[in-house]
Amino acid sequence: MLATFHNHSVWSDGADTLEALYEQAGRLGVSLLGMSEHFCAYPDGAAVAGYLPADRIDAYLSTLREVGQTGPVEVVAGLEFDWTEAGAEWVRPYAEGLPLDYRIGSVHYVAGEGIDIDASFWMSKTQEEIAAALGVSRSQVSRAIKQAREEGIVVIKLVPPTADFGDIQDELC
């Protein structure tokens, strides 16, 4: 069985309609298609570009259920809930109260910085700066990088300098 659960449509920040994603899933041999639009709740009800607005959740779920009845691919409804330092209390009623088949919890921002949106922000930082931005110790950052490298999530490539540094350059290459 081929299944996929982390998918976004035009209901949030995706490029395709639910119908188009459903058809593509069928062509690719996907048996179970989970849709998980981005959702973030703010106390003032503000909508954020690229996120499913709270007042459209019912329409999204209804449309998703209708699409799932059109063919052989099973469709399950989910949402990707964005967690922010102050937002847990605002998101909880949605996460616990909606008729969803599954939920994805994501951390996209820490200390106001997008941690998975613009990698160049993090690439320009030292481990000390990353630790400070995340509010953790440098050793925690080092351990996380090491674990991510061991699990194949992060690839660290050393690029030797172009100048001749003799033994050091030979060791790096």
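Select strand 3 and strand 4 (residues 102–106) in this predicted model. The two strands run parallel and are joined by five bridges. For one of the pairs, display Gly 78 together with Tyr 102, its bridge partner in strand 4.

Keep strand 3 selected and add strand 2 (residues 32–39) on its other flank. This pairing is also parallel, and it extends over eight bridges. Here Met 35 may be highlighted with Ala 77, its bridge partner in strand 3.

Colour strand 3 (residues 74–82) by accessibility next. Eight of its nine residues are buried, so the strand is largely enclosed by the rest of the structure.

Extend the selection to the whole sheet. It is an open sheet of four strands in the order 1-2-3-4, with parallel pairing. Strand 1 (3–4) and strand 4 form the edges, each pairing on one side only. Strand 1 is held to strand 2 by two bridges, again in the parallel sense. Thr 4 and Leu 33 of strand 2 are bridge partners there.

Now bring in the helices that lie on the sheet. Helix 2 packs on it by touching strand 2 and strand 3, and the direction of helix 2 makes about 155° with that of strand 3. Helix 3 (88–97) lies across strand 2, strand 3 and strand 4, running at about 170° to strand 3.

Select helix 2 (residues 57–67) and show its side chains. Its buried residues are Ile 57, Tyr 60, Leu 61, Leu 64 and Val 67. Around the axis they cover an arc of only 125°, which puts them on the same side of helix 2. These buried residues pack against helix 1, strand 2, strand 3 and helix 3. Rotate to the face turned away from the buried side, where the exposed residues Asp 58 and Glu 66 are found.

Add helix 1 (residues 18–27) to the view of helix 2. The two helices pack at an angle of about 35°, and their axes are 10 Å apart. Helix 1 passes helix 2 in a right-handed crossing. From helix 1 the contact draws on Leu 18, Glu 19 and Tyr 22, while helix 2 contributes Tyr 60, Thr 63, Leu 64 and Val 67. By type, the residues of this contact comprise five nonpolar, one polar and one charged.

Hide helix 2 and inspect helix 1 alone. Which residues of helix 1 are buried? They are Leu 18, Leu 21, Tyr 22 and Ala 25. Viewed down the helix axis, the buried residues fall within an arc of 100°, so they line one face of helix 1. Strand 2, helix 2 and strand 3 are the elements against which they pack. Move just past the end of helix 1 to Gly 29, which takes a positive phi of about 85°.

Finally, select Trp 83 in the loop between strand 3 and helix 3. Is Trp 83 buried, exposed or partly exposed? With a relative accessible area of 38%, Trp 83 is partly exposed, because the partly exposed class covers values between 20% and 50%. Add Phe 39 to the selection: Trp 83 and Phe 39 are 44 residues apart along the chain, and their C-alpha atoms are separated by 9.5 Å.

How values were computed
Residues are numbered from 1 along each chain as its sequence is written. This is a predicted model: local features need pLDDT of at least 70, side-chain atom pairs count only at pLDDT 80 or more; totals for chains, interfaces and linings use all residues. Side-chain values use heavy atoms; hydrogens and water are left out. Buried means under 20% relative accessible area, exposed over 50%, partly exposed in between (1.4 Å probe, protein chains only). Two strands pair if DSSP finds at least two bridges between them. Axes are lines fitted to C-alpha atoms, for helices over the stretch in contact, and angles run from 0 to 180 degrees between N-to-C directions. A crossing is left-handed if the near helix is turned anticlockwise from the far one by less than a right angle, and right-handed if clockwise. Contact means heavy atoms within 4.5 Å. Ala, Val, Leu, Ile, Met, Phe, Trp, Tyr, Cys and Pro count as nonpolar, Asp, Glu, Lys and Arg as charged, and the others, Gly among them, as polar. The arc is that of the directions from the helix axis to the C-beta atoms.
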